[in-house]
Amino acid sequence: MDSSSLTISPRKLHYDLYSYSYKEDSNTPLVINVLASLIERNMARAQRIVKNCSSRVLSKASTKIFDCREIPDLTIQSYLERIFRYTRAGPSVYVVAYVYIDRFCQNNLGFRINSRNVHRLLITTIMVASKYVEDMNFRNSYFAKVGGLTTSELNELELEFLFMMNFKLHVNVSVFESYCSHLEREVSIGGGYPIERPLRCAEEIKERGHTQIARVML
């Protein structure tokens, strides 16, 4: 069954919460489904705002670096699944990447996520989040192949992203938990269904703090 049409039930989510594994045959984390759905809705909302707004807020020229010449023939869901398939990044990486995307949009008010920039933004934020959260990481060249970019393109995206974020990459436990809760509410209008929330990873995020920033540039 196509994971994009997956019905996320409380029982399934509860099972994943206590049994998620980082083995080679592990299933795609449910947070990927939730994140893909959330981004798609944000894109649709932004498109309506741009269409109905008489006075547009122009995005900074620097954010244009995330625009693709040709829109990739991959849905957000498929792209996130591809990234997971080849990197095995755990659920906490995607939560932190979502934090970064939110901060990036707040720092660049004219920026709107759309079909032309979403793929490059995702591979960049997930790579940076992986460096922040995980102990072992792939090289930028590997992430570039996974994301469909050249190494030089991804290096440039990473550098621009870090400067546009003012290098504010630290995510403490309370912020991490609040974004987990937000993603959980997105599962249903009723909300409250848990996604994978690895507490060990959250505690490690707290312990590492700003010392991880140095690794991002490696």
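In this predicted model, the count of aromatic pairs comes to 8. One of them joins phenylalanine 66 and phenylalanine 104 in an edge-to-face arrangement, with 5.5 Å from centre to centre and 75° between the planes. This pair links distant parts of the chain, since phenylalanine 66 lies in the loop between α2 and α3 (76-87), while phenylalanine 104 belongs to helix α4, 38 residues apart. Phenylalanine 66 counts as buried because its relative accessibility is 0%. Phenylalanine 104 is likewise buried, with a relative accessible area of 0%.

A further aromatic pair is formed by tyrosine 100 and phenylalanine 161, and this one is tilted: the ring centres are 6.4 Å apart, with 55° between the planes. Here too the pair links distant parts of the chain, with tyrosine 100 in helix α4 and phenylalanine 161 in helix α7 (residues 151-164), 61 residues apart. Tyrosine 100 and phenylalanine 161 are both buried. These rings belong together, for Phe66, Tyr100, Phe104, Phe111 and Phe161 form one aromatic cluster.

Phe111, a member of that cluster, leads to the second largest pocket, whose volume is about 330 Å³. This pocket is lined by 14 residues, and the closest to its centre are Asn42, Arg45, Cys105, Phe111 and Ile113. Helices α2 and α4 (91-107) each supply at least two residues of the lining. Sorted by class, the lining of this pocket consists of 9 nonpolar, 2 polar and 3 charged residues.

Helix α2 (residues 30-52) also contains alanine 44. With a relative accessibility of 31%, alanine 44 counts as partly exposed, because that value falls between the limits of 20% for buried and 50% for exposed. The C-alpha atom of alanine 44 is separated by 9.3 Å from that of isoleucine 113, although the two residues are 69 residues apart along the chain. Ile113 is itself among the residues closest to the centre of the second largest pocket.

The last element to consider is helix α8, which comprises 13 residues (residues 173-185). At 1.5 Å a residue, this helix should span 18 Å, and its end C-alpha atoms are indeed 18 Å apart, so the expected and computed values agree. Which residues of α8 are buried? They are Val173, Phe176, Tyr179, Cys180, Leu183 and Glu184. Seen down the axis of α8, these buried residues fall within an arc of 145°, and they therefore line one face of the helix.

Definitions and conventions: Residues are numbered from 1 along each chain as its sequence is written. This is a predicted model: local features need pLDDT of at least 70, side-chain atom pairs count only at pLDDT 80 or more; totals for chains, interfaces and linings use all residues. Side-chain values use heavy atoms; hydrogens and water are left out. Helices (H or I, at least four residues) and strands (E, at least two) are DSSP runs, numbered from the N terminus. The expected span of a helix is 1.5 Å times one less than its number of residues. Buried means under 20% relative accessible area, exposed over 50%, partly exposed in between (1.4 Å probe, protein chains only). The arc is that of the directions from the helix axis to the C-beta atoms. On a 1 Å grid over the protein atoms alone, a cavity is a set of points where a 1.4 Å probe fits but cannot get out, and a pocket is an open set with protein on both sides within 12 Å along at least five of seven lines; lining residues have an atom within 4 Å of a point. Grid points are joined across faces, edges and corners, and a volume is the space filled by probe spheres set on the points. Ala, Val, Leu, Ile, Met, Phe, Trp, Tyr, Cys and Pro count as nonpolar, Asp, Glu, Lys and Arg as charged, and the others, Gly among them, as polar. Rings of Phe, Tyr and Trp (its six-membered ring) pair if their centres lie within 6.5 Å; planes under 30 degrees apart count as stacked, over 60 as edge-to-face and the rest as tilted.
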